[in-house]
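Reader: I would love to walk through this structure with you, one question at a time. Could you help me read it?

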Amino acid sequence: MAYPGLHVLTNALATKVLLDDERNVLGVVYDNGGSLHMVGVRREVVISAGAIGSPKLLMLSGIGPAHHLHYHRIPTLVHLPGVGANLHDHVTVSGLTWTTRPGTSVTFSSLLSVKTIKEYLIKKRGTLATAFGIDVCAWTESEGDEPQWPDLQHTFSYLTLALDHGWEVAHVAGYKKEVFEPYFSEVAGQEGYTAYPEVLRPKSRGTVRLSSGHYEAPPLVDPNYLSHPDDLRLLIKGIKFVMAVGNSTIMRENFDAVFNTQLLPGCEEEPLFSDTYWACFVKNMATTSYHLVGSCKMGPEDDPFSVVDHRLRVRGVSGLRVADASIMPLITSGGTNAPTIMIGEKAADMIKEDWLGVSQGHPEHRVPRPVNERLGDKTSPVFILISLRARLFVKLSRVFTPRGETRFENPANYLRPLKIVVVREREVPLNTSLVSVRFEMIYRLSRFIPGLLVRLLVAVGLRGTNDHDYDASDKLLYQYDFIVVGGGTAGGAVAARLSEVEGWRVLLLEAGGPPPPESVVPGLNVVLMQSDADWSYFTVPQKHSLKGYVGKSCHFPLGRALGGSSTINWMMYVRGNRRDFDNWEAMGNPGWSYDKVLKYFKKSEDYRGVRRPDTAFYRGVGGPASVENKRWGTPLMHAILKAGRQLGYDVVDPNGPEQIGFSIPDMTTRNGRRGSSAESYVRPAAFRRSNLHVVMNALVTQILFDDRKRAIGVKFEQYGKVRTVLAQREVVVSAGAVGSPKLLMLSGVGPEEHLRRHKIPVVVNLPGVGENFHDHPSIFGLTWTVKKGSDSVFRVVRPQAIEQYSAHGTGPLSCPLGVEVNAWGLSEEGDPYWPELQYLFVSGTPAFDYGLFITDGIGYTRELFNKYYKSLIGLQGFTVGPMLTRPKSRGTIRLRSPDPKDPPLVDPNYLSHPDDVATLVRGIKFALTVGNTPALREELGARFHSQPLPGCEREIPGSDPYWACYVRHMAKTTWHAVGSCKMAPPSDPFGVVDHTLKVRGVSGLRVVDGSIMPLVTSGNTNAPCIMIGEKGADMIKEDWGVLPG
């Protein structure tokens, strides 16, 4: 019968539970067909989204562990540390397989036979009438005090996992090819059965956590299997039981049962049937039983990790319950479907009791009045306020692209109170199937492995990886001569050089902490992306580019640690082309020609590489920044250099007077260790000079001005406390091309209209702040395969690499992952010796790690990776990245809100100028020419991966329209952001600083970092930023009457 009071809405994804200021539930927001809607509730909201969905929805609504919510910028309404904790599951072991004689089980063909299908359709009987493969379940007596409370269940399936020869079942089960093929080869296609021992009361506990603050992003599901040793021990016991069953007389004699004794790959060194073998087997083959429970634990009030009480009411909230398997404090001894039905039945009865007047028996429960009674009629001010706030939430969410960021009108009106932040995340299936759980666990493991390598390096003698114990937070002065905001590449150089003047007190404020230990090892640079040393910003969705990336957005790495981006970058030392700097001066910036800046390149450098007679004059010796030749090479590196010579290009030193040619990259390393500005400038100065104070984990939120618009100090937040410090002479902003314009705007210096929109008092109207933002876009993905042994990327994880590095500072770990060669070709337009493109040759393909880590770090959509790169899995190769050195496209940096902790809106506006696309198409053609040289094609067997790119199938492969489509799909950041506080003459309305880097319209304030570049240099930007820091420090000294040097 139909119930008129029941409405069912499908395809409705609840995104948030709405609460009023007294933590009473008002209703929910849900997504239906891409549109957000709000519905109010008169009595209660009941969450029954399961052990993954329920804690996720609670956390998205501000109910959960405060530190985790704060990390995702979700306002904490109720601190409940137990939300998402206590996750557990019946862990089982797959792969224990016996063959049996024909006719005793099923084959793949019999499963799909006409007879089987007819039997089910007509009689509802046969193989298809039961759960796939399930035959018998058994429970054995427990070891404990209650033997009748079993600790193991054994499920027997009437088929093997290789019945279809690995076509589909192995894929669904998630086996690796290198495990499945050797282990199941002997039983493929045969009849047989499989036994699954299952731990019924596991002691291991995991978590459900948000991967971002956006509701469409899948959560991080970590069951933490086998973390408790008792679970491993019980599964070994279970294996022995099913082995005894398989060895019984009836199975051996009546069914010819024979166990698959093929040794499991990875366990070959252990004796077959020994406990150590079974332990290895379990660790490789244990998996989920799809019985996840416990993540919203039911418990008494004195349990700090309980989420609901015995009547399933969420603690600290009125009108909200959870009624599903997530409330189980301990999983039941069997399948969880029946207990979950029971929970639903009992919860319904308890709700009825509470609302039918029986609640007096529970004095601790305050029955909430229906929402319309609590708020009065719809014209009451309270009702209007809450409804407006909820509608604003819906409107705001609509303007966001899923898993991306975009600009919106007047965010100050509604963003600040709601703290909504959308972060682009990886695309994985939005379900809790075995495949997605397994993918999530493998992905997390793949990110953890580099950390293990670092610890191994330390264990074998790598010392001095984190000697930055000079934080001066506890001896902060009231006033300094100079305050430098940002301890990055330029800021570190400025602070160190200013502290050379004995009478000056210098304060360096850095938002991040010390460089992480793994940052010292060049070959581990990739693990620093999206780590705690990275601001982890993402671009807003792009209109003209990034079509192959999730949400048309990409990760925009910027260092958040002492050393800034020099702590996480790829360490390539490239000064740029002399014409870059001559052009800066020609644009109206005296003192910035190549001849004038060369001395600062030389002053900063301690060149420890092989000196060439033709470029020795241009190299510096004895400076703080150590520069070395790349300390390790491969056959691929030498072949690429040879390919360049075959095309008429010499092997050059690009830091000399001319740049055209092929080059082995110079690195900012010392004896094979990263030489960030923290290592080269800050640490030596901080230990040597008492007048330099370095304060870390200090986020500067505002520059302070007096009535004459003079910068007199800053406010900063450290560990939740706001502190103020004054500057007697100058404030120097060195927060980078994103951080510097952000801080200026937060302080009232920037485009007047934008500041007023955010209700920020305007100190000076500077329309150029945040404008002229640009970057080197590079094409990621032009890939060739080569014969085995040619590339280097797999060698990083070998024990020999660790030994080489720890003993001699050489080998694959001494240089950034995969980096082989840089090249600059003759420009086809304008001055041929002012290159329009740089080419980075990297060993390895985007599929070298089997799609587990690199593709998500780059940001490709899973669809693109699976269609375009999957065929390259396991193959050796190399990738060429054409990089546009003088882009014409310009973007912006804008505030998301007036809250300093909100990430800014980063919009590089890639490829908005059509000339950028045309130039990159020329770059692709040059890369193809290099790949087709005899040195690569004949000697290394290089073959271009010519499969049509998904999204460009309509274009003729190899044609200009095809490559233009390719560029718009695959080009992304090279992490060389500059220009957002442009240095320019007074005649330029978008100039921010003058040629001495003083900010226009105010006094006592300079910007000294890559943001001042009017046009980006023709190469990696770390070296020019060091030069800017050196020159900026000298200009400050000159202005204050100190002779530089």
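What follows is a short conversation about this protein, which is a predicted model.

Reader: Happy to start broadly: how many helices and strands does the secondary structure come to?

Author: Glad you asked for the overview. The protein has 1045 residues, and 60% of them are buried. Among contacts with a separation of 6 or more, 71% are between residues 24 or more positions apart. As for the secondary structure, the count comes to 28 helices and 42 strands.

Reader: Are helices H17 and H28 roughly parallel or roughly perpendicular to each other?

Author: Let's look at the geometry of H17 (residues 594-604) and H28 (residues 1022-1039). Their axes are 9 Å apart and the packing angle is about 105°. Angles of 65 to 115 degrees count in one class, and therefore H17 and H28 are roughly perpendicular.

Reader: How many nonpolar residues are there in the contact of H17 with H28?

Author: H17 and H28 pack with their axes 9 Å apart. On the H17 side, the contact uses Val597, Tyr600, Phe601, Lys603 and Ser604, while H28 brings Ala1023, Pro1024, Ile1026, Met1027, Glu1030, Lys1031 and Asp1034. Sorted by type, the residues of this contact include 4 charged and 1 polar, and the nonpolar ones number 7.

Reader: Turning to the rings, is the aromatic pair of Phe259 and Phe273 stacked or tilted?

Author: The whole structure holds 38 aromatic pairs, to set the scene. In the pair of Phe259 and Phe273, the centres are 6.2 Å apart and the planes are at 45°. Planes under 30 degrees apart would count as stacked and those over 60 as edge-to-face, so the pair of Phe259 and Phe273 is tilted.

Reader: Where in the chain do Phe259 and Phe273 sit, and how many residues apart are they?

Author: Phe259 is in strand S14 (residues 258-259), and Phe273 is in the loop between S14 and helix H9 (275-285). Phe259 is buried at 11% relative accessible area, whereas Phe273 is partly exposed at 42%. Both also belong to a ring cluster that includes Trp98, Tyr277 and Trp278. The pair links distant parts of the chain, with a spacing of 14 residues.

Reader: And by about how many helical turns are Trp963 and Tyr966 separated?

Author: This pair is edge-to-face, with 5.4 Å between the centres and 65° between the planes. Both residues are buried, Trp963 at 5% relative accessible area and Tyr966 at 0%. Because they are 3 residues apart in helix H27 (residues 960-970), the separation is about one helical turn.

Reader: Which residue has its charged end over the ring of Phe780?

Author: There are charges over rings to enjoy here. One of them is Arg862, which lies over the face of Phe865 at 5.6 Å from the ring centre. Over the ring of Phe780, at 5.4 Å from its centre, sits the charged end of Lys972.

Reader: One last topic, the backbone: is Tyr719 buried or exposed?

Author: Tyr719 has a positive phi, near 55°, and is found in the loop between strand S29 (711-718) and strand S30 (721-733). Leu546 also has a positive phi, near 60°, and lies in the loop between strand S19 (537-538) and strand S20 (555-556). Leu546 counts as buried at 0% relative accessibility. Tyr719 has a relative accessible area of 66%, and over 50% counts as exposed, so Tyr719 is exposed.

Note on methods. Residues are numbered from 1 along each chain as its sequence is written. This is a predicted model: local features need pLDDT of at least 70, side-chain atom pairs count only at pLDDT 80 or more; totals for chains, interfaces and linings use all residues. Side-chain values use heavy atoms; hydrogens and water are left out. Axes are lines fitted to C-alpha atoms, for helices over the stretch in contact, and angles run from 0 to 180 degrees between N-to-C directions. Helices (H or I, at least four residues) and strands (E, at least two) are DSSP runs, numbered from the N terminus. Angles under 35 degrees count as roughly parallel, over 145 as roughly antiparallel, 65 to 115 as roughly perpendicular and the rest as oblique. Contact means heavy atoms within 4.5 Å. Ala, Val, Leu, Ile, Met, Phe, Trp, Tyr, Cys and Pro count as nonpolar, Asp, Glu, Lys and Arg as charged, and the others, Gly among them, as polar. Rings of Phe, Tyr and Trp (its six-membered ring) pair if their centres lie within 6.5 Å; planes under 30 degrees apart count as stacked, over 60 as edge-to-face and the rest as tilted. Buried means under 20% relative accessible area, exposed over 50%, partly exposed in between (1.4 Å probe, protein chains only). A charge sits over a ring if NZ of Lys or CZ of Arg is within 6 Å of the ring centre and within 35 degrees of the ring normal.
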